[in-house]
Structure formats: C-alpha cells, structure tokens
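User: Please take a close look at one part of this model and describe it in a single connected account. Give the cut-offs for the terms as you go.

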Amino acid sequence: MDQPEELDSAIFEYLRADSLLVDGHFAFRSGRHSTALLDRDRLLADPTAASRMGYALAKQFFTAHIETVAAPSIWGAGLAQWVAYFLEPRANVVYATPRNGVPTIAGNLHDLISGRRVLLIDNLVISGETIARFAKLLEEHDGEVIGLGTLWSSSDPVLAGHQLFGLLNAGIAAYTTDVCPRCMGTDSTDPTVVPY
Ligand SMILES: [Zn+2]
C-alpha cells in the first residue's frame, strides 16, 4: 500500500479534527469493511478542504490530458469543479441529469463527451454501480474514459474495465471480510452496518 503523501496526512488530520472521520468497525453494502467512516454529508461542506482534496485528485491525472471531468451525482459535481479547475489546461465539467431516476447526459453537452478524454469523479464510490453505469453511458456517447477518481471507495478497484483511484484509500482501507483487522482480531466486534 502506498504511503499517504504529505498533503493527504494533512487532510486526514483535518478530517479527524472536524469529526468528518470516525474510527470504528463498519460494514458497507459492497460487502467490504473499514476501520473508519467518512461523514459523506459534510465531507465537501468546507471549500478549503474540498479544494485541497480536489487538487490532490487532479494531481493523479496531471499527465493524462483530461479534457472533460464528468460526475454522475450531485455530490460528485462540486468535487468535479475543483478537479477540473486544477487540471492544466483546465478541463470542462459535465454532470449527469437524473431523468426518471436514471442519470442522463443533456444533449447540449454531447460535444464535451464525444471524442474527448474523460475523467469520472464522484465523492464516494460505495458499490461502484453508479460510476460503472455512468462510464458505460459516456462510452455510448463516444467518450474515452481515461480514469475514475473518488475521495474514498469501498468497491472493487477496477470497475467497468477502468482503474478506480480512491484518494483516501491509502489511509482508510476497504477490506474484504477475510482480511478485515477488526473481524480477525482477538477482540473482534460486530461491525456497524452502514446504510450505503
Ligand atoms: Zn470487519
């Protein structure tokens, strides 16, 4: 596992200090467990922290020549703005519009997808279904999906054939139950079931 970079350790300190990250034993819908839980509602509420995390995500893709950053959810949309802002040259941003509960791409945005190098960004990836479905939708619009990025993921690291980068995963692992330290330890406890 990669050591979190200096910027990331500062983020972890901030998250803990503001109780945006609490320690414990948690079970996610994906079936994976973790030893810490992020407050997904407040995670992006502070623009200073959001911009730092957006910069750190963008940095992973500095050499990938991203033209468009696309977000499948309203929660990912705010983060996508920061990521696009820090890419050089700055990328365009596309959000999905929910129609009958299904994410769609507005017709006047198709030019920003078709033939473009696209980075998908969501705030959190839990089961991976949403971002995987969105990657397929972008490919149906002839977008070239270059990568997937998120603040934290409890899903498989490869989704719809694309590598997923989870910024905080280096410090908060998403364990399969057979290697979860809280399940395996002598003081093992039942996990708190997270509703997502
Ligand atoms: Zn566990």
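Analyst: Helices (H or I, at least four residues) and strands (E, at least two) are DSSP runs, numbered from the N terminus. The model is predicted, with local features needing pLDDT of at least 70, side-chain atom pairs counting only at pLDDT 80 or more, and totals for chains, interfaces and linings using all residues. Residues are numbered from 1 along each chain as its sequence is written, and side-chain values use heavy atoms, without hydrogens and water.

The part chosen is the loop with P89, which runs between helix 3 and strand 4 (92–95). The peptide bond leading from E88 into P89 is cis, with omega near -5 degrees. Most peptide bonds are trans.

Both E88 and P89 also help to line the second largest cavity, together with F61, F62, H65, I66 and L87. A cavity here is a set of points on a 1 Å grid over the protein atoms alone where a 1.4 Å probe fits but cannot get out, and lining residues have an atom within 4 Å of a point. This cavity holds about 40 Å³ of space, and the structure has 2 cavities of 30 Å³ or more. Its lining comprises 5 nonpolar residues, 1 polar and 1 charged (nonpolar: Ala, Val, Leu, Ile, Met, Phe, Trp, Tyr, Cys and Pro; charged: Asp, Glu, Lys and Arg; polar: the others, Gly among them).

Helix 3 (residues 74–86) packs with helix 2 (residues 47–59) at an angle of about 55 degrees, their axes being 8 Å apart. The pair is therefore oblique, a term for angles that are not under 35 degrees (roughly parallel), over 145 (roughly antiparallel) or 65 to 115 (roughly perpendicular). From helix 3, L79, W82, V83 and F86 meet P47, A50, S51, G54, Y55, L57 and A58 of helix 2, where contact means heavy atoms within 4.5 Å. This contact has 9 nonpolar and 2 polar residues, and no charged ones.

Terms used: On a 1 Å grid over the protein atoms alone, a cavity is a set of points where a 1.4 Å probe fits but cannot get out, and a pocket is an open set with protein on both sides within 12 Å along at least five of seven lines; lining residues have an atom within 4 Å of a point. Grid points are joined across faces, edges and corners, and a volume is the space filled by probe spheres set on the points. Axes are lines fitted to C-alpha atoms, for helices over the stretch in contact, and angles run from 0 to 180 degrees between N-to-C directions.
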